[in-house]
Amino acid sequence: MSYDTQPQASHFVDGQYLEDTAGEVIEVVYPATGAVIARLHAATPAVIEQAISSGRRAQAEWRKLSGTERGRVLRRAADIIRERNRDLSVLESYDTGKPLSETLYVDATSAADALEYFGGLAGSLTGEHVQLPDGNWGYTVREPLGLCVGIGAWNYPTQISCWKGAPALACGNAMIFKPSEETPLCALKVAEIMIEAGAPAGLYNVVQGAGAVGAALVTDPRVDKVSLTGSVPTGRKVYAAAAEGMKHVTMELGGKSPLVIFDDADLENAVGGAILGNFYSSGQVCSNGTRVFVQKGIKEAFLERLAVRLQGAVIGDPMDEAVTFGPMVSARQREIVLGYIEKGVAEGARLVCGGAALERDGFYIAPTVFADVTDDMVIAREEIFGPVMAVLDFESEDEVLPRANDTTMGLSAGVFTRDLARAHRVIEALDAGSCFINSYNDAPVELPFGGVKMSGVGRENSKAAIGHYSQLKSVFVRMGDVEAPF
Ligand SMILES: NC(=O)c1ccc[n+]([C@@H]2O[C@H](COP(=O)([O-])OP(=O)(O)OC[C@H]3O[C@@H](n4cnc5c(N)ncnc54)[C@H](O)[C@@H]3O)[C@@H](O)[C@H]2O)c1
């Protein structure tokens, strides 16, 4: 590969790499072998200070550019990312363990899509003219929020860095991005590319660290907005900390989403959707449809075809493009997932396939399917974030809908049926932000992405994201005399 896994330095601040070895050591482990492939340092207060001060300085200049000028920088960054797709994809695979057969088509690509889309929108962000009685009128100005902090999860480090960075910068903000401490490498490359594309130094800084560094950024009074992708417990903490400073937030959190498959569904497509919604990225996807409700008439046929198609998973070295299923991101995540599998067995769910770690280096777990899962089982209630599908039976639409909604979370939901009226009726009834009909886990930049209930606040992607990275100033203009009471 052309990128070293050991970056020049841990952080990218004010247009250049920055190191401070006083910060706690972060070892980057390649999930497919367990080997340490880089050593970085968490940001010290001095690094955080530089990131904040340079971010604010850059933002003051950046906001003065026209939207078209800002958009040009983002679109140039998108082009560079596409040119370097292979190198970025290899790095993403080292960072996360996801197979190259995924990363080559999804991660840097999705990051470039976000930069291109928001780069295209930047020139068209305007306020409104509002006609009022007596010849008076008003107008609104869409203004940036200021300095935004993005905090990422470890499953999609390149994508998350741009899903947050692109709309933030398009609206005239600066961003400090803190990747997950598990996957710190990719965002540094994005920061480098921003500079190459013409962004001013300091506009897009990357600092490393775990929760303590995230918390220091979130609580700094000079930060105006926080966008987190992470788990619900972290979301609660970050939202509360942001509330202290009355900061804007976007929360992209976890899920335990339902996928409802009716008897009349196209069986192969339903099985395909369930595979995409449970085993892509080894199941480490927030929107996964991990509670698969299958109508009784199709259940055995579904399980049979699923078992056959899972045998087609090519498990192995993520750098081999023929491989379609990689390891968990970390030894810790593997232990968490194995713990859930044990619980499933103990609670009496029927193990259809998988159920164990693989005897090889790295953090691999076999794709696992439980059938006969009931609503009260832990594996049907808690987010596992691994390759574990729970298949639940149902008889009728009326029965399945309240069961599907019986969760504190609401990120996604999907339905497979050939009955179009039913498809729309079911989606209307499901409490979820990002939904799918006869498909699963598509996330085009043109559509809003985000959750309801405990799964989050705000939306990423689409025009909706603009509202979360800007605010309106409204101006009343009186054309006549002012009538005061005295
Ligand atoms: N909705 C989405 O878009 C989406 C996408 C991917 C992952 N996720 C969710 O993310 C979770 C998995 O990722 P994870 O294990 O990295 O999540 P996590 O919540 O452990 O960590 C997320 C990020 O928050 C940081 N953090 C932790 N404590 C913090 C604090 N007190 N203040 C500030 N920052 C803090 C971490 O360092 C990390 O960068 C899953 O629940 C998954 O569903 C959601």
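**Exercise 1. Place D220 in the fold, then decide whether it is buried, partly exposed or exposed.**

Solution.
- Step 1: D220 sits in the loop that runs between α7 and β10, the latter covering residues 225–229. Keep in mind that you are working with a predicted model.
- Step 2: Count the neighbours: 17 other C-beta atoms lie within 10 Å of D220.
- Step 3: A residue is called buried at 20 or more such atoms and exposed at 12 or fewer. D220 is therefore partly exposed.
- Step 4: For a sense of distance, take V271, which is 51 residues from D220 along the chain; their C-alpha atoms are 47 Å apart.

**Exercise 2. Find the residue that UniProt marks as "active site" and work out its surroundings.**

Solution.
- Step 1: The UniProt record, an unreviewed entry, puts this feature at E252.
- Step 2: On the model, E252 belongs to strand β11, residues 248–252.
- Step 3: With 28 other C-beta atoms within 10 Å, E252 is buried.

**Exercise 3. Describe the shell of residues around the ligand: how many are there, and which elements and domains supply them?**

Solution.
- Step 1: Start with the count. The ligand is surrounded by 28 residues, and the closest are G211, G214, G230, G254 and C286.
- Step 2: Sort the shell by chemistry: eleven residues are nonpolar, twelve polar and five charged.
- Step 3: Look for helices that contribute. Both α7 (211–219) and α8 (232–244) give at least two residues each, and α7 has the largest share, with four.
- Step 4: Now turn to the domains. Domain 1 (11–253) and domain 2 (258–437) each provide at least three residues of the shell.

**Exercise 4. Examine helix α4: what is its span, where does it bend, and is it enclosed or open?**

Solution.
- Step 1: α4 covers residues 100–122, 23 residues in total.
- Step 2: From first C-alpha to last, α4 reaches 32 Å, close to the 33 Å expected at 1.5 Å a residue.
- Step 3: Follow the axis and you will meet a bend of about 35 degrees at T109.
- Step 4: Because 17 of the 23 residues in α4 are buried, the helix is largely enclosed by the rest of the structure.

**Exercise 5. Take the domain that UniProt lists for residues 20–475 and summarise its make-up.**

Solution.
- Step 1: The record, again an unreviewed entry, gives this span as "domain: Aldehyde dehydrogenase".
- Step 2: In the model, residues 20–475 are 41% helix and 20% strand.
- Step 3: The C-alpha atoms at the two ends of the span lie 46 Å apart.

Terms used:
Residues numbered from 1 in each chain as written. Predicted model: local features only at pLDDT ≥ 70, side-chain atom pairs only at ≥ 80, totals over all residues. Near = placed C-beta within 6 Å. Nonpolar A, V, L, I, M, F, W, Y, C, P; charged D, E, K, R; others polar. Domains from an automatic or database assignment. Expected span 1.5 Å × (residues − 1). Bend = angle between axes of the 7 residues up to and from the residue. UniProt positions renumbered as here; feature names shortened; annotations may be inferred.
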